[in-house]
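Me: I have a new structure open and would like a quick tour. Where should we begin?

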Amino acid sequence: QPLHVGVHTQPVGVGDAPICLLPGPSLDTLLWLIGLNSFEGALAWWLPENERYHMARWPNPTEIPHTSDQMRMIAMLGNAYLTPIELARVSASSVAAAHRLLNALSLMGILKSSAASPEPTPQALGLDPHEGHGLFRRLRSRLGSRG
């Protein structure tokens with residue numbers, strides 16, 4: 001819980017050697033943590049609330065500390081374009097959690113947006129419109145129902 005975080009830059013000349021070995025490590029972990037912990041649960045100012053969002057690529061789950069709720073939201077964003085409210089609803093998460101996740105994915109540069117994308121169908125989200133979704137539904141469909 002730092003009170004202040006400072007970032008220092010150092011200009012280098014065209015012929016100067018880099019100050020560290022390049023290419024450096026991925027910044028995805030740092031950007032993920034910044035996105036999750038910034039904006040106090042609100043959507044970042046550059047992300048319009050009424051647009052739908054989709055992932056351009058999957059983040060590397062071994063590089064980012066994530067919860068099962070976050071992974072569920074990531075999976076939903078991999079299947080369809082969703083507004084933050086739709087994302088929260090279909091993933092059974094809070095709107096603040098959806099905002100934090102979208103902020104993190106946006107900072108990582110892997111989020112696409114569309115104002116014209118239609119509302120996704122339950123099938124696009126991998127949901128059966130006639131049944132609830134979740135672990136027990138999937139188990140019943142694979143193992144069969146024994147009334």
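Reply: Start with Leu30, which sits in helix α1, residues 28–37. Keep in mind that this is a predicted model.

Me: Is Leu30 buried, partly exposed or exposed?
Reply: Buried means under 20% relative accessible area, and exposed means over 50%. Leu30 has a relative accessible area of 48%. That value falls between the two cut-offs, so Leu30 is partly exposed.

Me: Which residues make the nonpolar surface patch of about 280 Å²?
Reply: Leu30, in helix α1, is one of them. The patch of about 280 Å² is made by Leu27, Leu30 and Ile34.

Me: How many salt bridges does a search of the whole structure find?
Reply: One joins Arg57 and Asp28, with the closest N and O atoms 3.4 Å apart. This pair links distant parts of the chain, 29 residues apart: Arg57 is in the loop between β1 and α2, and Asp28 is in helix α1. Another joins Arg72 and Asp69, with a closest N and O distance of 2.2 Å. Over the whole structure, the search finds three.

Me: Which residue of the Arg57 and Asp28 salt bridge is buried?
Reply: The cut-off for buried is under 20% relative accessible area. Arg57 has 38%, so Arg57 counts as partly exposed. At 11%, the buried residue is Asp28.

Me: What separates Arg72 and Asp69 along helix α2?
Reply: Both residues are partly exposed, Arg72 at 33% and Asp69 at 35%. They are three residues apart in helix α2, so the separation is about one helical turn.

Me: Which residue forms a salt bridge with Glu86?
Reply: The closest N and O atoms of this pair are 2.5 Å apart. Glu86 lies in helix α3 and its partner in strand β1, so the bridge ties together parts 34 residues apart in sequence. Glu86 is buried at 7%, and the partner is buried at 13%. That partner is Arg52.

Me: How many of the eight residues of helix α3 are buried?
Reply: Helix α3 covers residues 84–91 and is mostly covered. Its buried residues are Pro84, Glu86, Leu87, Ala88, Val90 and Ser91. They pack against β1, α2 and α4. The count is six.

Me: What pattern of helices and strands does the chain follow?
Reply: The chain has five helices and two strands. Read along the sequence, the pattern is α-β-α-α-α-β-α.

Terms used: Residues are numbered from 1 along each chain as its sequence is written. This is a predicted model: local features need pLDDT of at least 70, side-chain atom pairs count only at pLDDT 80 or more; totals for chains, interfaces and linings use all residues. Side-chain values use heavy atoms; hydrogens and water are left out. Buried means under 20% relative accessible area, exposed over 50%, partly exposed in between (1.4 Å probe, protein chains only). Helices (H or I, at least four residues) and strands (E, at least two) are DSSP runs, numbered from the N terminus. Contact means heavy atoms within 4.5 Å. Patches are made of residues with over 30% relative accessible area and no salt bridge: like charges are joined within 9 Å, nonpolar side chains (Val, Leu, Ile, Met, Phe, Trp, Tyr) within 5 Å. Accessible areas come from the Shrake-Rupley method with a 1.4 Å probe; for residues, only the protein chains shown count as cover. A salt bridge is a side-chain nitrogen of Lys or Arg within 4 Å of a carboxyl oxygen of Asp or Glu.
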